[in-house]
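Work through the two exercises below with the coordinates loaded. Each solution goes step by step.

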Amino acid sequence: MKVALITGASRGIGAATATALARAGWAVCINYIEQTEKAEALVEALRAEGCAAICHQADVADREAVFAMVARVERELGPVDLLVSNAGIAEQRQFQDISPAWWERMLAVDLGGAFHCAQAVLGHMLHEHSGCMIFVSSIWGGHGASCETAYASAKHGLIGLGRSLAAELAPSGIRVNVVAPGVIDTDMVQVLGRETLDDLARNVIPMGRLGRPEEIARAIVYLADEASYTTGQVLSCDGGFFI
Ligand code: NAD
């Protein structure tokens with residue numbers, strides 16, 4: 001059974017991705033930082049369906065914790081064949097109000113987490129001459145986002161990391177791709193308020209609705225399982241937000 005590590009997977013896009021991958025036959029490790037009960041409930045639900053799943057609490061910005069997590073996954077499920085680097089934080093703030101500490105935390109989680117995870121799983125992939133990494137960026141990884149400069153900087157960085165790593169690792173049989181969601185109806189965007197979300201759906205998003213976590217999960221499963229000749233690409237899933 002092939003093994004997938006999905007970061008930030010106790011809820012939202014990560015949970016939907018872990019579920020879709022597990023149902024597609026992957027043994028999954030559900031990484032999370034908080035809400036242990038949600039992560040454990042997801043593991044139980046997947047096991048009840050006959051899937052192989054564990055969960056592991058770790059801050060992806062903490063390099064030692066990431067390497068310890070990957071070591072546990074190797075012991076309990078096997079070496080990681082697929083990394084889905086999904087954990088992320090976001091906050092709207094005017095540029096002059098961003099403290100150095102907040103800037104560093106944002107970059108450490110949203111970009112540094114992918115760096116640590118990719119390095120932690122790479123040894124096995126290089127050895128096997130096969131493997132797949134998928135970084136979850138954002139539409140704000142390819143466009144400017146007012147009041148989200150730290151988030152957009154990190155998400156731009158993820159696309160640069162993904163493309164560069166794809167070029168470096170293609171000769172080693174490892175594919176690296178990026179998914180760029182638009183506005184997806186998860187906890188992350190609830191801070192905008194229902195009125196703003198409805199307005200976005202009605203007046204900004206050509207498809208006339210927010211995306212669902214399961215729709216991003218399907219794109220990730222496609223990149224992992226089907227897109228065998230695709231690497232270094234950014235797959236936008238945004239209902240036509242940017243065309
Ligand atoms: P979410 O807030 O529901 O989920 C984020 C997950 O990451 C949570 O489980 C959270 O606990 C976890 N996490 C946060 N910091 C972590 C850390 N340091 N270590 C480990 N886990 C951590 O949001 P979501 O919408 O499911 O977001 C998933 C990813 O998709 C994020 O990277 C986000 O930036 C990206 N994204 C979301 C949207 C959207 O509209 N929801 C749009 C574009 C991109």
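The exercises treat the ligand site, then aromatic pairing.

The model is predicted, so local features need pLDDT of at least 70 and side-chain atom pairs count only at pLDDT 80 or more, while totals for chains, interfaces and linings use all residues. Residues are numbered from 1 along each chain as its sequence is written, and side-chain values use heavy atoms, with hydrogens and water left out.

**Exercise 1.** Describe the shell around the ligand and the ligand's polar contacts with the backbone.

Solution.
1. Collect the residues with a heavy atom within 4 Å of the ligand. There are 30, and R11, D59, N86, Y151 and T186 are the closest.
2. Sort the shell by class, with Ala, Val, Leu, Ile, Met, Phe, Trp, Tyr, Cys and Pro as nonpolar, Asp, Glu, Lys and Arg as charged, and the others, Gly among them, as polar. The result is 14 nonpolar, ten polar and six charged residues.
3. Search for polar contacts to the ligand (N or O pairs within 3.5 Å). Ligand oxygen atoms lie 2.8 Å from a polar backbone atom of I13 and 2.7 Å from one of N86. A ligand nitrogen is 3.0 Å from a polar backbone atom of V60.

**Exercise 2.** Count the aromatic pairs and classify W140 with F241.

Solution.
1. Pair Phe, Tyr and Trp rings (for Trp, the six-membered ring) with centres within 6.5 Å; planes under 30 degrees apart are stacked, over 60 edge-to-face, the rest tilted. This gives three aromatic pairs.
2. The W140 and F241 ring centres are 5.8 Å apart and their planes are at 85°, so the pair is edge-to-face.

Note on methods:
Polar contact = N/O pair within 3.5 Å; in protein donor to acceptor, adjacent residues only side chain to side chain.
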